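Here is a short report on a predicted model. Please look at the structure before reading on.

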There are 2 protein chains.
Amino acid sequence: MSDRRARPRAGLTRERIVDVALEFVDEHGVAALSMRKLGAALDVEAMTLYHYVPSKDALFEALVDRLTVPMGGVRPEPGERWERWLGRLARAYRAELLAHPGVLPLAATRPVTSRVALGHVEAALRVLVDAGFGPVRALDVLNTVMTFVLGHTLAEAGRTPGAEMSDVDSLGELDATEFPLLARALAEGARHGERFEFALTALLAGLVADAVGG
Amino acid sequence: MSDRRARPRAGLTRERIVDVALEFVDEHGVAALSMRKLGAALDVEAMTLYHYVPSKDALFEALVDRLTVPMGGVRPEPGERWERWLGRLARAYRAELLAHPGVLPLAATRPVTSRVALGHVEAALRVLVDAGFGPVRALDVLNTVMTFVLGHTLAEAGRTPGAEMSDVDSLGELDATEFPLLARALAEGARHGERFEFALTALLAGLVADAVGG
DNA sequence: TCCTCGTTTCTTACGCTGTAAGAGTAGCTG
DNA sequence: CAGCTACTCTTACAGCGTAAGAAACGAGGA
């Protein structure tokens, strides 16, 4: 009989671990996530986690994977043009990334390899091929839009550790007369959402023009 | 008189440290870079580096900064249209990122704050404003293109630790009948350079159309 | 009922990390 | 020569990912 209660089953699951890890990252950032702290959040020792996840890196992959899930729900509506559907897909991806900005640095530096994520890619290619693209061009188009969204969202919300500074916050004070145009552009606003819509519209328009012309 | 030669001046410089760090990252990847190993590469103890760099994070910032230097040389030629100049700027950025893919994860997750990098931004805004854009729209356009290049290059070459697998290498074997379209698109090639040109062209075309229309 | 066994959990340990604190030397300035 | 500054080193600490193996749990058969 020790004062420490003999270890009861914690009811752990790989899924539950990933859930809590996502919460933790949302709150404290990736940099702050350690196996020991994650274990503590689950009332468990660090090594226990290794029975469900082979490594911390695998845990990161699972987090990234999680973000691609909602994209599976974006399917073309009857009669919808491909560029409109692609726009919806891009916005869905962006929304999910923005909902978990802490995972952004992970999503940006990790290839997509999971079965479920590849399934989404395949489904998207199906839509584009049905719209008349060849498989190679379809992948070009999809890759272009997805990497565009990732890059754009990264620049907007993906910051290193737990620092939550927007462009305006970090630069607003430091400008002055040295960078007049930059200072003016930042001061006059340009909300991120508008910038994204502007850029996405331009990209899709360019893709449509290419599809029609070539 | 100890057998260890009394510490001679190592002729260190912040610049030299960043140089060697860049070499190291190019060869072994960011994940492998530690202050001790970087010190060893410079024949110096780890703590010595802290007289030139306040922290490892600052060193990372310096690395990212370094990559933006070549962009300063991309200036509009007389009579050149803005979208052609912007295309050259994008390609220059991409070339530099591809030359140092190990730094890509850093570039992607770090805001631009250095004087020199901001100077490049200001100069680029100048060009766009001279071409008729308002300051806010100019920043929109520049931001759109630069984040696009970053996202695209990241998806193409920016992989986590030291792993150097291309899409084809990592996925080529695992496909089969489960992802027919993806497998076909990958098998039929689609070189990265072509994909980038395709996407960049589409994006610039979309931006031009927007500039003319709005 | 007890015993055994696979699953889950914990303990301990190792080598690594970034870096704070401070000691000591090299070489310049007087 | 003395003194000062700039530089380099040593030591140390708290934390990291995780390898190895011990210990306790819940369930199944005897």
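## The annotated region

The UniProt annotation "DNA-binding region", from an unreviewed entry, covers residues 34–53 of chain A. Over residues 34–53 of chain A, helix accounts for 55% of the chain and strand for 0%. The end C-alpha atoms of this stretch are 13 Å apart.

## Asp43 in chain A

Asp43(A) falls within the range of that annotation, residues 34–53 of chain A. Asp43(A) sits in a loop of chain A, with helix H2 (35–41) on one side and helix H3 (46–49) on the other. Its phi is near 60 degrees, a positive value in a residue other than glycine. Most residues other than glycine have a negative phi.

Is Asp43(A) buried or exposed? Asp43(A) has 10 other C-beta atoms within 10 Å. The cut-off for exposed is 12 or fewer, so Asp43(A) counts as exposed. One residue distant in sequence can be placed relative to it. Ala10(A) is 33 residues from Asp43(A) along the chain, and their C-alpha atoms are separated by 7.7 Å.

## Asp43 in chain B

Phi of Asp43(B) is near 60 degrees, again a positive value in a residue other than glycine. Asp43(B) lies in the loop between helix H2 (35–41) and helix H3 (56–68) of chain B. Asp43(B) is exposed because 10 other C-beta atoms lie within 10 Å.

## How the two chains are related

Two copies of a chain are related by a rotation about an axis and a shift along it. Here, a turn of 180 degrees and a shift of 0.0 Å along the axis lay chain B on chain A, with an RMSD of 0.0 Å. The relation is therefore that of a two-fold axis. The same surface serves both copies: 100% of the contact residues of chain B recur in chain A.

## The interface

How many residues of chain B are in contact with chain A? The contact involves 47 residues of chain B and 48 residues of chain A.

Which elements of chain B give two or more residues to the side that touches chain A? They are these helices of chain B:

- helix H5 (104–108)
- helix H6 (115–130)
- helix H7 (135–157)
- helix H9 (180–187)
- helix H10 (192–213)

H7(B) provides the largest share of the side of chain B that touches chain A, with 14 residues. By residue class, the side of chain B that touches chain A holds 27 nonpolar, 11 polar and 9 charged residues.

Note on methods
Residues are numbered from 1 along each chain as its sequence is written. Chains are lettered from A and ligands numbered from 1 in the order in which they are written. This is a predicted model: local features need pLDDT of at least 70, side-chain atom pairs count only at pLDDT 80 or more; totals for chains, interfaces and linings use all residues. UniProt positions are given in the numbering used here, feature names are shortened, and annotations may be inferred rather than shown by experiment. Helices (H or I, at least four residues) and strands (E, at least two) are DSSP runs, numbered from the N terminus. A residue is buried if 20 or more other C-beta atoms lie within 10 Å of its own, exposed if 12 or fewer, and partly exposed in between; C-beta atoms are placed from the backbone. Copies are superposed by least squares on the C-alpha atoms of residues with pLDDT of at least 70 in both. Two residues are in contact if their C-beta atoms, placed from the backbone, lie within 7 Å. Ala, Val, Leu, Ile, Met, Phe, Trp, Tyr, Cys and Pro count as nonpolar, Asp, Glu, Lys and Arg as charged, and the others, Gly among them, as polar.
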